[in-house]
Amino acid sequence: GLTQGWFSMEIKPIRNDADHEAALREIERLWGAKEGTPEGDRLEVLTTLVEAYEDKQFPIDPPDPIEAIKFRLEQQGLDHRALVGVIGGRSRVYEVMHRKRGLSLEMIRRLNQRFGIPAEVLIRPIRAPRRRRAA
């Protein structure tokens, strides 16, 4: 039969960060559900809702990966210290956030899992640091 907590979160449009967070948590809980099961259907619907919301939030010109990471951390009230252990040690985090080092596939995977930043945003080229032009 239906497991308890099945209706723990009603499916509704995602209108703000709180709705988005709740949907992401539910997707995480349902991850790996078989297609065609009630859980699988629910997962599919939630994923569609989240994608639609994220398309609206990150419109056509998506932020470069570093902007996207900063934006998501800000949304969650975190700073770059939250990245330590997700993309590596402190010096690694510093290099990445100051655009001195690109994101590896492993970092992208972890950022996607931990913060829900879409992988397709993270794989974009990282813009070079703004350099002051020599006179």
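Student: Which word fits Arg99, buried or exposed?

Tutor: Buried, since Arg99 has a relative accessible area of 17%. The general idea is a cut-off: buried means under 20% relative accessible area, exposed means over 50%, and partly exposed lies in between (1.4 Å probe, protein chains only). Before we go on, this is a predicted model, where local features need pLDDT of at least 70, side-chain atom pairs count only at pLDDT 80 or more, and totals for chains, interfaces and linings use all residues. Residues are numbered from 1 along each chain as its sequence is written, and side-chain values use heavy atoms, with hydrogens and water left out.

Student: How many helices and strands does the chain have?

Tutor: Six helices and zero strands, giving the pattern α-α-α-α-α-α along the sequence. Helices (H or I, at least four residues) and strands (E, at least two) are DSSP runs, numbered from the N terminus.

Student: What share of the residues is buried?

Tutor: Of the chain's 135 residues, 32% count as buried. The chain exposes about 9,400 Å², and carbon and sulfur atoms supply 51% of that area. Such areas come from the Shrake-Rupley method with a 1.4 Å probe; for residues, only the protein chains shown count as cover.

Student: What portion of the contacts links residues 24 or more positions apart?

Tutor: A contact means heavy atoms within 4.5 Å. Among the contacts with a separation of 6 or more, 57% are between residues 24 or more positions apart.

Student: Let's look at one helix. Which residues of α3 are buried?

Tutor: In helix α3, which spans residues 65-75, the buried ones are Pro65, Ile66, Ala68, Ile69, Arg72 and Leu73. They cover an arc of only 160 degrees around the axis, which puts them on the same side of α3. The arc is that of the directions from the helix axis to the C-beta atoms.

Student: What do the buried residues of α3 pack against?

Tutor: Their partners are α1 (17-30), α2 (38-57), α4 (90-97), α5 (105-115) and α6 (119-122). Just after α3, Gly77 takes a positive phi of about 70 degrees.

Student: Arg72 is in that buried list. How far away is the nearest side chain of opposite charge?

Tutor: That side chain is Glu54, 4.3 Å away, and Arg72 has no salt bridge although it is buried. For charges, Lys and Arg count as positive and Asp and Glu as negative, while His and the chain ends are not counted. A salt bridge is a side-chain nitrogen of Lys or Arg within 4 Å of a carboxyl oxygen of Asp or Glu. Arg72 does have a polar atom in its side chain that lies 2.6 Å from the backbone oxygen of Phe115.

Student: How many salt bridges does a search of the whole structure find?

Tutor: Ten. In one of them, Glu26 pairs with Arg42, with the closest N and O atoms 2.9 Å apart. Glu26 lies in helix α1 and Arg42 in helix α2, so the pair ties together parts that are 16 residues apart in sequence. Glu26 is buried at 5% relative accessible area, and Arg42 is buried at 6%.

Student: Which salt bridge involves Arg99?

Tutor: Arg99 meets Glu67, with an N to O distance of 3.0 Å. Arg99 sits in the loop between α4 and α5 and Glu67 in helix α3, so the pair ties together parts that are 32 residues apart in sequence. Glu67 is partly exposed, at 30% relative accessibility. Arg99 also has a positive phi of about 60 degrees although it is not a glycine.

Student: What else does the side chain of Arg99 join?

Tutor: Asp64, through a polar contact of 2.5 Å between the two side chains. A polar contact is a pair of N or O atoms within 3.5 Å; within protein, one must be able to donate a hydrogen and the other to accept it, and residues adjacent in sequence count only if both atoms are side-chain atoms. Asp64 lies in the loop between α2 and α3 and is buried at 1% relative accessibility.

Student: How far apart are Asp64 and Arg127, in sequence and in space?

Tutor: They are 63 residues apart in sequence, and 6.7 Å apart in space from C-alpha to C-alpha. Leaving out residues up to four places away in sequence, Asp64 touches Arg99, Arg124, Pro125, Ile126 and Arg127.
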